[in-house]
Amino acid sequence: MVLNFIKSGYEKVKEALSKTSSFLGGRLKTLFGRGLDEDTLEEIERVLYEADLGVQTVQELVNSLGEYYKKNPGAKEEDYFNLIRKTLISIFQNDNSSLKEAESGPTVLLVVGVNGSGKTTLIAKLAQHLKNQNKNILIGAGDTFRAAAVDQLSHWAEKIGCDIVKASPFSDPAAVAFDSIDAAIARKKDLVFIDTAGRLQNKTHLMQELEKIEKTIRKKIPEAPHETLLVIDANTGQNGVEQAKLFLKYVKVSGLVLTKLDGSSKGGVVVSIRRNLNIPVKFIGVGEGVDDLKPFEPEEFIDSLLAK
Ligand SMILES: Nc1nc2c(ncn2[C@@H]2O[C@H](COP(=O)(O)OP(=O)(O)O)[C@@H](O)[C@H]2O)c(=O)[nH]1
Ligand SMILES: [Mg+2]
């Protein structure tokens, strides 16, 4: 069984990516108009790099554009765009935003990522979306290191109208996960979200803590967590990729969420991160509001990125 997300409002994604696309799509259009000699190809390469698509993808695109031009010297701007479009979409070939759902009992969603990446906001957005589909939800406030983090989540839980399990500050986050799942089973919840802390200041401790949370969850429900989402702030670029790799060493991540694409001029980073980590992109964040989370749709996303 899977949880599906209602797809709506991709206009917002177009708008969020407009800083990238106005530069990328616009510059490419002009350059393609010239015919692809060596100098133009070099300029195209620079434009693709600036959009943060990543070395591997940029090299592939430049090579195939060059070859295409040699074989089809009369090619039109649209032909080049189509070639780029196809290549970029193929990177996300198997990605879709559906989430695995428990056959029986509560579905457990674990959310990890560095502080400030948007974990708590993601939980609020997903919880609201699923509440609208009449799902009965509980949130476990597993970021026990900052009182403010628990307050933030309590505020969301109240606004959305769902249960929350919280513990006293500095208590063991794995114990919060344990209690949350216990409560979710007892209260017959459909879904339980486990929020976590992401203090990278003490990496070893954080990673051990996440491992322990995962183990604790599995003790209660062997198939859980049904999904583990790694949240990455799209503006962190290459640094974000390195941080993400650290998480992947310790936690089994099933999907990526890239946040804060609104305001970013490097929307191409989604392509680079997807490729580097080889994990499907499930959602993208395009604002702070509760509706500003969109299921990731490869074709719409790439079309928004390349919009002229
Ligand atoms: N503009 C924008 N802000 C976001 C997005 N997602 C989260 N934020 C903001 O980023 C900040 C940190 O988010 P939070 O969920 O607390 O991060 P956490 O520390 O990982 O739990 C908050 O001010 C959020 O409102 C997004 O997609 N776009
Ligand atoms: Mg948080």
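**Figure 1. The span that UniProt lists as "domain: SRP54-type proteins GTP-binding", residues 280–293.** The annotation comes from an unreviewed UniProt entry and is placed here on a predicted model. Within residues 280–293, 43% of the span is strand and 0% is helix. The C-alpha atoms at the two ends of this span lie 16 Å apart.

**Figure 2. The protein chain as the setting for the close-up views.** The secondary structure of the chain consists of 12 helices and 10 strands. Along the principal axes, the C-alpha atoms fill a box of roughly 70 × 40 × 30 Å. The radius of gyration is 21 Å, which agrees with the value near 19 Å that a compact globule of 308 residues would have. Of the 308 residues, 54% count as buried. The accessible surface comes to about 13,700 Å², and carbon and sulfur atoms account for 47% of this area. Among contacts between residues at least 6 apart in sequence, 78% join residues at least 24 apart. The chain carries 41 positive and 42 negative charges, and the mean positions of the two sets are 3 Å apart.

**Figure 3. Ile160 in helix H7 and its contacts.** Helix H7 comprises residues 147–160, and Ile160 is therefore its last residue by number. Ile160 counts as buried because its relative accessibility is 6%, under the 20% cut-off. Apart from its neighbours within four places in sequence, Ile160 is in contact with Ala124, Ala127, Gln128 and Lys131. Between the C-alpha atoms of Ile160 and Ile123 the distance is 11 Å, with 37 residues separating the two in sequence.

**Figure 4. Pro173 in helix H8 and its contacts.** Pro173 belongs to helix H8, which covers residues 173–186. With a relative accessibility of 4%, Pro173 counts as buried. Setting aside neighbours within four places in sequence, the residues in contact with Pro173 are Gly142, Thr144, Phe145, Glu209 and Ile213. Asp163 is 10 residues from Pro173 along the chain, and their C-alpha atoms are separated by 17 Å.

**Figure 5. The cis peptide bond between Ala224 and Pro225.** The omega angle of this bond is about -10 degrees. Pro225 is situated in the loop that links helix H9 (203–220) to strand S7 (227–233). Most peptide bonds are trans.

**Figure 6. Asn134, a residue other than glycine with positive phi.** The phi angle of Asn134 is near 65 degrees. Most residues other than glycine have a negative phi. Asn134 lies in the loop between helix H6 (119–132) and strand S4 (137–140). Asn134 is exposed, because its relative accessible area is 71%, over the 50% cut-off.

**Figure 7. Phe170, a further residue other than glycine with positive phi.** Phi of Phe170 is near 70 degrees. The loop that holds Phe170 runs between strand S5 (163–165) and helix H8. At 63% relative accessibility, Phe170 counts as exposed, whereas Pro173, in helix H8, counts as buried at 4%.

Terms used:
Residues numbered from 1 in each chain as written. Chains lettered and ligands numbered in written order. Predicted model: local features only at pLDDT ≥ 70, side-chain atom pairs only at ≥ 80, totals over all residues. Heavy atoms only, no water. Helix = DSSP H or I, 4+ residues; strand = E, 2+ residues; numbered from the N terminus. Rg over C-alpha atoms; globule rule 2.2 N^0.38 Å. Buried < 20%, exposed > 50% of the residue type's maximum accessible area, 1.4 Å probe, protein only. Contact = heavy atoms within 4.5 Å. Areas by Shrake-Rupley, 256 points an atom, 1.4 Å probe, with all protein chains shown as cover. Lys, Arg positive; Asp, Glu negative; His and termini not counted. Charge placed at Lys NZ, Arg CZ, Asp CG, Glu CD. UniProt positions renumbered as here; feature names shortened; annotations may be inferred.
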